[in-house]
Amino acid sequence: MNTRLFDKDTFRKAFRAFLKGNRPQHDEVLADVEAWMASGKPGLLLMGTVGTGKTTIAHALRCAWVHYLTVARVYSCDWIASQVEADKSWTREIAGEKGLVILDDLGTEKRVYGEEVLPQITSARSARGQYPVITTNLT
């Protein structure tokens, strides 16, 4: 990520606007996300039990990301598996996506294609230095 383009204030406003407020628990998550973005470390994994807000945080990240940098998309892992089951070109489509890709609910996909496709997508993106953000309740 080009940290020269990173404007913390703009990012914070967009992140909080999506979350509709400024709650103490948001500050902690926001600080963690900002630290990840500034670190240059590959990928971000949001883990927690059902209902902890992983998907909400992922969407807030997407919203804030597009405010100042580039395209960002959130894909349900189950949806990806269903699309690839119907059309194998979806693997290349998502793997080649520009910008931030968020894979939501890893481990919930009920199709065998998810087991094959998701590692292909993450490997192809990682090879280009475009690491995904992943949410999961697997522990």
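1. Let's start with the lining of the second largest pocket in this predicted model. Its residues divide into 7 nonpolar, 2 polar and 3 charged. The volume of this pocket comes to about 260 Å³. If you want to find the pocket on screen, the lining is made up of Glu28, Val29, Asp32, Val33, Leu44, Leu45, Leu46, Met47, Thr52, Gly53, Lys54 and Ile57. Which elements supply at least two residues each to that lining? They are helix H2 (24-39), strand E1 (44-47) and helix H3 (54-68).

2. Now a step back to the overall layout. The protein chain holds 6 helices and 4 strands, and their order along the sequence is α-α-β-α-β-α-α-β-α-β. Of its 139 residues, 39% count as buried.

3. The strand pairings are worth tracing one by one. Strand E2 (residues 72-76) pairs with E3 in the parallel sense, over 5 bridges. E3 in turn is joined to E4 by 3 bridges, and these two strands also run parallel. E4 pairs with E1 as well, in the parallel sense and over 4 bridges. Following the pairs, you can walk from E2 to E3, from E3 to E4 and from E4 to E1.

4. Some individual partners help to fix the register. Tyr75 stands opposite Leu103 in E3, and Leu103 has Ile134 as its bridge partner in E4. Ile102 stands opposite Val133 in E4. On the E1 side, Met47 faces Thr136 in E4; Met47 is also one of the residues that line the second largest pocket.

5. E4 (residues 133-136) deserves a closer look. Which of its residues point one way, and which the other? Val133 and Thr135 share one direction, Ile134 and Thr136 take the other, and all are buried. As background, side chains in a regular strand alternate between the two faces of the sheet.

6. E3 is the strand to inspect next. Because 5 of its 7 residues are buried, E3 is largely enclosed by the rest of the structure. Asp105 has its place in this strand, and its phi is near 65°, a positive value in a residue other than glycine. Is Asp105 buried, partly exposed or exposed? Its relative accessibility is 27%, so it counts as partly exposed: buried would need a value under 20% and exposed one over 50%.

7. On to the nonpolar packing. The largest nonpolar core has 20 residues, and Phe11, Phe15, Leu61 and Val133 are those with the most contacts inside it. Helix H1 (8-19), H2, E1, H3 and strand E3 (100-106) each supply at least two residues of this core. Its largest share, 6 residues, comes from H3. There is also a second, separate core of 11 residues, which includes Ile80, Val84, Val117 and Leu118. Two elements from the first point, H2 and H3, thus appear both in the pocket lining and in the largest core.

8. Phe11 is a good residue to centre the view on. It lies in helix H1 and is buried, with a relative accessible area of 0%. Phe11 and Leu30 are 19 residues apart along the chain, and their C-alpha atoms are separated by 9.4 Å.

9. His26 may catch your eye too. This histidine is found in helix H2. Its relative accessible area is 8%, so His26 counts as buried. Arg16 and His26 are 10 residues apart in sequence, with 7.8 Å between them in space, C-alpha to C-alpha.

10. Last, the cysteines. How many disulfides does a search of the whole structure find? The count is 0. For anyone planning to look at the sulfurs, a disulfide is a covalent bond between the sulfur atoms of two cysteines. Cys63 has a relative accessible area of 17%, so it falls in the buried class. Cys77 is buried too, at 0% relative accessibility. With the buried cut-off at under 20%, both residues qualify: Cys63 at 17% and Cys77 at 0%.

Definitions and conventions. Residues are numbered from 1 along each chain as its sequence is written. This is a predicted model: local features need pLDDT of at least 70, side-chain atom pairs count only at pLDDT 80 or more; totals for chains, interfaces and linings use all residues. Side-chain values use heavy atoms; hydrogens and water are left out. A disulfide is a pair of cysteine sulfur atoms within 2.5 Å. Buried means under 20% relative accessible area, exposed over 50%, partly exposed in between (1.4 Å probe, protein chains only). On a 1 Å grid over the protein atoms alone, a cavity is a set of points where a 1.4 Å probe fits but cannot get out, and a pocket is an open set with protein on both sides within 12 Å along at least five of seven lines; lining residues have an atom within 4 Å of a point. Grid points are joined across faces, edges and corners, and a volume is the space filled by probe spheres set on the points. Ala, Val, Leu, Ile, Met, Phe, Trp, Tyr, Cys and Pro count as nonpolar, Asp, Glu, Lys and Arg as charged, and the others, Gly among them, as polar. A nonpolar core is a set of buried Ala, Val, Leu, Ile, Met, Phe, Trp, Tyr and Cys residues joined through side-chain atoms within 4.5 Å. Two strands pair if DSSP finds at least two bridges between them.
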